[in-house]
Amino acid sequence: MYTCKSIKLMAVLTIAALLCAGCAAKTPPKSIEEVYSEITETVSLKSPQCMDADFILNYYGIDISTLEEYVFSMSEDAAQAETIIIMKVENADDLEAIADCLQTIIDDKKMEMENYLPEQFTIVEKSRVQTKDNYIWLVISDNADAITDIIESGLF
């Protein structure tokens, strides 16, 4: 039989366990800038250059006013396909159109690299546009798996 003391002890332990469950809550997501900073500190990138709003709109048709935040980084070296694009859209309805624009980047880079830089073509060929919630990203890199891990652990 349980004594009054043991019942009280079990009740206290149960309450403590429930309170501690809240302590293990997931930390809030990082900003895209913080995630990109972690990428640059962790992975060796090949001459990354962050592109401005005019470049993104003029070359890829993405209006940054539809985004809450973004990083759009491409290698300055034309012989490197490396690209890291991470965006958070304000409205999830815009994801499909932006995904199409990012797919165009993949297609353009494939055409650029196919006959001239076969090793870069292979890297581009493995890339894909990814989405989750209001986030969309594209990673073209030798280190795509490590970069994607940093993105996913930082944002989700």
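In the predicted model, the face of helix H5 turned away from its buried side carries the exposed residues Pro118, Glu119 and Lys126. Helix H5 spans residues 118–126, and its buried positions are Gln120, Phe121, Ile123 and Val124. These four lie on the same side of H5, because the arc they cover around the axis is only 160°. The buried residues of H5 pack against two elements, helix H4 (95–113) and strand E5 (135–140).

Pockets were examined next. The volume of the largest pocket is about 260 Å³. Its lining comprises 13 residues, and those closest to the pocket centre are Lys126, Ser127, Val139, Ala144 and Asp145. Lys126 is thus both a residue of the exposed face of H5 and part of this lining. At least two lining residues come from each of H5, E5 and helix H6 (144–155). By class, the lining of the largest pocket divides into 5 nonpolar, 4 polar and 4 charged residues.

The second largest pocket has a volume of about 170 Å³ and a lining of 14 residues. Nearest its centre lie Tyr60, Met74, Ser75, Lys109 and Glu112. Helix H3 (53–60), strand E2 and helix H4 each contribute at least two residues to this lining, with H4 giving the most, 5 residues. The lining of the second largest pocket contains 7 nonpolar, 2 polar and 5 charged residues. Helix H4 therefore has two roles in this description, as a packing partner of the buried residues of H5 and as a contributor to the second largest pocket.Enclosed space was also searched for. The whole structure holds 2 cavities of 30 Å³ or more. About 40 Å³ of space lies in the largest cavity, which is lined by Leu45, Lys46, Pro48, Ser73, Met74, Ser75, Glu82, Thr83 and Ile84. Strands E2 (67–75) and E3 (83–89) are the elements that give two or more residues to this lining, and the largest share, 3 residues, comes from E2. The lining of the largest cavity consists of 4 nonpolar, 3 polar and 2 charged residues. Met74 and Ser75 belong to the lining of the largest cavity and are also among the residues nearest the centre of the second largest pocket.

The second largest cavity holds about 30 Å³ of space. Its lining is formed by Lys46, Gln80, Ala81, Glu82, Gln120, Ile123, Ile140, Ser141 and Asp142, divided into 3 nonpolar, 3 polar and 3 charged residues. Lys46 and Glu82 line both cavities. Gln120 and Ile123, which are buried in H5, line the second largest cavity.

Definitions and conventions:
Residues numbered from 1 in each chain as written. Predicted model: local features only at pLDDT ≥ 70, side-chain atom pairs only at ≥ 80, totals over all residues. Heavy atoms only, no water. 1 Å grid on protein atoms, 1.4 Å probe; cavity = no way out; pocket = protein on both sides within 12 Å on 5 of 7 lines; lining within 4 Å. Points joined across faces, edges and corners; volume = space filled by probe spheres on them. Nonpolar A, V, L, I, M, F, W, Y, C, P; charged D, E, K, R; others polar. Buried < 20%, exposed > 50% of the residue type's maximum accessible area, 1.4 Å probe, protein only. Arc of directions from axis to C-beta. Contact = heavy atoms within 4.5 Å.
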